[in-house]
Amino acid sequence: QIQIISEIEFASKFTDATIIGVTGSNGKTTTTTIIYEILKSENTDVDIAGNIGISFASKVAASNTKNYVLELSSFQLDGIEKFNSHIAILTNITPDHLDRYEYDFDNYVASKFRITKNQDETDYLIYDADDKAINTWLKDHKTKAKLVPFSIEKELEYGAYLKDHTIIINIH
């Protein structure tokens with residue numbers, strides 16, 4: 001009768017820090033590291049944790065950091081109840097770890113979208129607008145977060161896209 005939660009859920013109960021959570025099948029580590037390095041270069045009080053480096057719980061126990069960039073695996077997201085990323089980033093979703101999800105790709109997709117579970121209207125979901133699985137899920141489900149798409153294949157009226165090797169960002 002004891003609830004099992006992820007380490008991410010546990011640690012989040014002990015911090016008021018703003019969290020940027022990064023998940024997806026590929027590119028999590030690179031995206032998490034780039035965001036962390038950009039914020040650090042701007043002298044932001046930030047640390048990096050999750051599925052990368054030292055655990056989130058260890059970081060929270062050791063400091064009062066105001067911002068965290070977390071790499072989040074589907075395994076970590078499966079064990080959340082109240083955890084919230086103010087900014088959630090979903091890089092892509094391709095079949096992975098299906099043995100853990102009854103060999104059902106939809107179950108794996110739902111696991112990745114748990115990153116949006118506790119988001120509200122003040123939060124953001126940045127997502128790959130070129131990814132079929134992400135677009136299908138968003139069409140069939142509602143999320144409260146503000147949606148910010150990114151694309152390398154097409155121009156977007158709102159969000160970010162690649163044009164002539166230049167990143168264009170339209171977020172009015």
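These exercises cover cores, salt bridges, backbone angles and a surface patch in one predicted model.

Residues are numbered from 1 along each chain as its sequence is written. In this predicted model, local features need pLDDT of at least 70, side-chain atom pairs count only at pLDDT 80 or more, and totals for chains, interfaces and linings use all residues, while side-chain values use heavy atoms, without hydrogens and water.

**Exercise 1. Describe the largest nonpolar core.**

Step 1. Fix the terms. A nonpolar core is a set of buried Ala, Val, Leu, Ile, Met, Phe, Trp, Tyr and Cys residues joined through side-chain atoms within 4.5 Å. Buried means under 20% relative accessible area, exposed over 50%, partly exposed in between (1.4 Å probe, protein chains only).

Step 2. Find the hubs. The largest core has 30 residues; Phe56, Leu70, Ile93, Phe113 and Leu125 touch the most other members.

Step 3. Find the suppliers. Elements giving at least two residues each include helix H1 (7–12), strand S3 (67–71) and helix H6 (132–140). Helices (H or I, at least four residues) and strands (E, at least two) are DSSP runs, numbered from the N terminus. H6 gives the most, with 4 residues.

Step 4. Look for another core. A second, separate core of 9 residues includes Ile20, Val22, Ile35 and Ile48.

**Exercise 2. Compare the setting of two salt bridges.**

Step 1. Apply the cut-off: a side-chain nitrogen of Lys or Arg within 4 Å of a carboxyl oxygen of Asp or Glu. The whole structure holds 6 salt bridges.

Step 2. Take Asp47 and Lys59, paired at 2.8 Å, N to O. Asp47 is in strand S2 and Lys59 in helix H3, 12 residues apart. Asp47 is buried because its relative accessible area is 16%. Lys59 is buried too, at 15%.

Step 3. Take Asp130 and Lys154, paired at 3.8 Å, N to O. Asp130 is in the loop between S5 and H6; Lys154 is in the loop between strand S6 (146–151) and S7, 24 residues apart. Lys154 is partly exposed, at 39% relative accessibility.

**Exercise 3. Locate two non-glycine residues with positive phi.**

Step 1. Recall the background. Most residues other than glycine have a negative phi.

Step 2. Asn43 has a phi of about 60°. Asn43 sits in the loop between helix H2 (28–41) and strand S2 (46–50). Asn43 is exposed, at 72% relative accessibility.

Step 3. His165 has a phi of about 65°. His165 sits in the loop between strand S7 (159–163) and S8. His165 is exposed, at 81%.
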